[in-house]
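Work through the following exercises with the sequence and the structure side by side. Try each task before you read its solution.

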Amino acid sequence: MYDRGAMPEGARAMAKRLGKLRILRREVDFLSQRAAELELRAQGGVGRITGMPFSRRSDRVGEYGAELADIRTRIEAMCAECLSELARLYQFIDDIEDPELRLIFSRRYIDGLSWLGVAQKIGRTDEQLPRKLHNAYLRARCGTSSPGASFPAELLHTLSREGG
């Protein structure tokens, strides 16, 4: 029977690894926004209004240049890491035999959707269905010694019927 307990350590580690791409993308977005802010400041697009005249001229490009170069280097490194993780993720997803499961994993990890978003994209109304299928697959794939942790086809069909 289906084990409803906590996910085993191996499955939890795999889920964390799969989610790494989402986090990397967020970090790249953050750094890209920071770089755009620095470029704007360096060009003089962001000023401080104090009510007092300010006559000192500063080298804004030089002031922000080093930080901007550092951020660009970090963005390039993270983009390379994202591509590497994406290649691993595609390989993991391609190894999944069931097409609905492949779609669940793709929507969750490649598109970065919430469980509700995943459910809607696969034509379901209950976000628990894709999450349950996902977790059951990870339990089975990552192997656990607990009884009932395998991923039988009847579980897939049972859960699919529950979801509508």
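From the N terminus on, the chain runs through its elements in the order α-α-α-α-α-α, which makes 6 helices and 0 strands; helices (H or I, at least four residues) and strands (E, at least two) are DSSP runs, numbered from the N terminus. The model is predicted, so that local features need pLDDT of at least 70 and side-chain atom pairs count only at pLDDT 80 or more, while totals for chains, interfaces and linings use all residues. Residues are numbered from 1 along each chain as its sequence is written, and side-chain values use heavy atoms, with hydrogens and water left out.

**Exercise 1. Find the residues with the most contacts inside the largest nonpolar core, and state which helices supply the core.**

Step 1. A nonpolar core is a set of buried Ala, Val, Leu, Ile, Met, Phe, Trp, Tyr and Cys residues joined through side-chain atoms within 4.5 Å, where buried means under 20% relative accessible area, exposed over 50%, and partly exposed in between (1.4 Å probe, protein chains only).

Step 2. The largest such core has 34 residues, and those with the most contacts inside it are Leu 18, Leu 89, Phe 92, Leu 101, Ile 104, Phe 105 and Leu 138.

Step 3. At least two residues of this core come from each of α1 (9-42), α2 (60-94), α3 (99-110), α4 (115-121) and α5 (128-141).

Step 4. Take Leu 138 as an example: leaving aside neighbours within four places in sequence, Leu 138 is in contact (heavy atoms within 4.5 Å) with Met 7, Ala 11, Met 14, Ala 15, Leu 18, Phe 92 and Phe 105.

**Exercise 2. Explain how far apart in sequence the partners Arg 17 and Glu 85 are, and say whether each is buried or partly exposed.**

Step 1. A salt bridge is a side-chain nitrogen of Lys or Arg within 4 Å of a carboxyl oxygen of Asp or Glu, and Arg 17 forms one with Glu 85, with the closest N and O atoms 3.0 Å apart.

Step 2. Because Arg 17 lies in helix α1 and Glu 85 in helix α2, the pair ties together parts that are 68 residues apart in sequence.

Step 3. Arg 17 is partly exposed at 38% relative accessible area, whereas Glu 85 is buried at 6%.

**Exercise 3. Which residues are joined with Glu 81 and Lys 20 into one network?**

Step 1. The side chains of Glu 81 and Lys 20 meet in a salt bridge (3.0 Å, N to O).

Step 2. This pair links helix α2, which holds Glu 81, to helix α1, which holds Lys 20, across 61 residues.

Step 3. Through salt bridges that share partners, Arg 17, Lys 20, Glu 81, Glu 85 and Arg 88 are joined into one network.
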